[in-house]
Amino acid sequence: MLTNFTQKGKAKENGMKEPPYTLTEEDKKLIGDLLLELCVELDMHYDDTDMHALKSSFELIGKGVALLGRLSVTAHPDINAIQSRYNRSNQ
């Protein structure tokens, strides 16, 4: 967590800027790419009948998508499609 880097000098030891750290466009892209990778892996490895076991993962993905929205970044359309598949499988 970023709170671990609030002590003076800890951020530099770990290659980060001193707080407060402003997210760059590259950081935002990385968040989106990580969300997409997670969604694709879940989509590939779980059948619709088993997706109920992924509740916490999709809650986290939803929070990530919301974060991207707050950062004025649109989530990849495949993330939304996979979230929709999860939602349909849990109706």
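**A four-helix chain and its stacked ring pair**

Just after helix H3, Ser72 takes a positive phi of about 60 degrees. That is worth a pause, because most residues other than glycine have a negative phi, and most peptide bonds are trans. Ser72 sits in the loop between H3 and H4. At 69% relative accessibility, Ser72 counts as exposed; here exposed means over 50% relative accessible area, buried means under 20%, and partly exposed covers what is in between (1.4 Å probe, protein chains only).

The model is a predicted one, where local features need pLDDT of at least 70 and side-chain atom pairs count only at pLDDT 80 or more, while totals for chains, interfaces and linings use all residues. Residues are numbered from 1 along each chain as its sequence is written, and side-chain values use heavy atoms, with hydrogens and water left out.

Taken as a whole, the chain has four helices and zero strands, so its elements read α-α-α-α from the N terminus on. Helices (H or I, at least four residues) and strands (E, at least two) are DSSP runs, numbered from the N terminus. Of the 91 residues in the chain, 23% are buried. The accessible surface of the chain comes to about 6,700 Å², and carbon and sulfur atoms own 54% of that surface; these areas come from the Shrake-Rupley method with a 1.4 Å probe, and for residues only the protein chains shown count as cover. Among contacts in the chain with a separation of 6 or more, 54% join residues 24 or more positions apart, a contact being heavy atoms within 4.5 Å.

Helix H2 covers residues 25-45, and at 1.5 Å a residue its 21 residues should span 30 Å; the end C-alpha atoms are 30 Å apart, which agrees. The expected span of a helix is 1.5 Å times one less than its number of residues. H2 has a mixed list of buried residues: Asp27, Lys28, Gly32, Leu35, Leu36, Cys39 and Leu42. What covers them includes H3 and H4.

The same check works for H3. Its 16 residues should span 22 Å at 1.5 Å a residue, and the end C-alpha atoms are 23 Å apart, which agrees. Phe58, Ile61, Gly64 and Leu68 are the buried residues of H3. Looking down the axis of H3, these buried residues fall within an arc of 110 degrees, so they line one face of the helix; the arc is that of the directions from the helix axis to the C-beta atoms. The buried residues of H3 pack against H2 and H4, while on the other side of the helix Ser56, Leu60, Lys63 and Arg70 are exposed.

Next comes the nonpolar core, meaning a set of buried Ala, Val, Leu, Ile, Met, Phe, Trp, Tyr and Cys residues joined through side-chain atoms within 4.5 Å. The largest one has 13 residues, of which Phe58, Ile61 and Ile79 touch the most other members. H2, H3 and H4 are the elements that give two or more residues to this core, and the largest share, four residues, comes from H2. Leaving out residues up to four places away in sequence, Ile61 touches Leu35, Leu38, Cys39, Leu42, Ile79 and Gln83.

The structure also holds one aromatic pair. The rings of Phe58 and Tyr86 have their centres 4.3 Å apart and their planes at 10 degrees, so the pair is stacked. Rings of Phe, Tyr and Trp (its six-membered ring) pair if their centres lie within 6.5 Å; planes under 30 degrees apart count as stacked, over 60 as edge-to-face and the rest as tilted. The pair links distant parts of the chain, with Phe58 in helix H3 (residues 55-70) and Tyr86 in helix H4 (residues 77-89), 28 residues apart. Phe58 and Tyr86 are both buried.

Two further residues of helix H4 deserve a look. Gln83 lies in H4 and, at 16% relative accessibility, counts as buried. Not counting residues up to four places away in sequence, Gln83 touches Phe58, Ile61, Gly62 and Val65. Arg85 lies in H4 too, and its 15% relative accessibility makes it buried. With the residues up to four places away in sequence again set aside, Arg85 touches Asp43, Tyr46, Asp47, Asp48 and Met51. The C-alpha atoms of Arg85 and Asp48 are separated by 7.6 Å, although the two residues are 37 residues apart along the chain.
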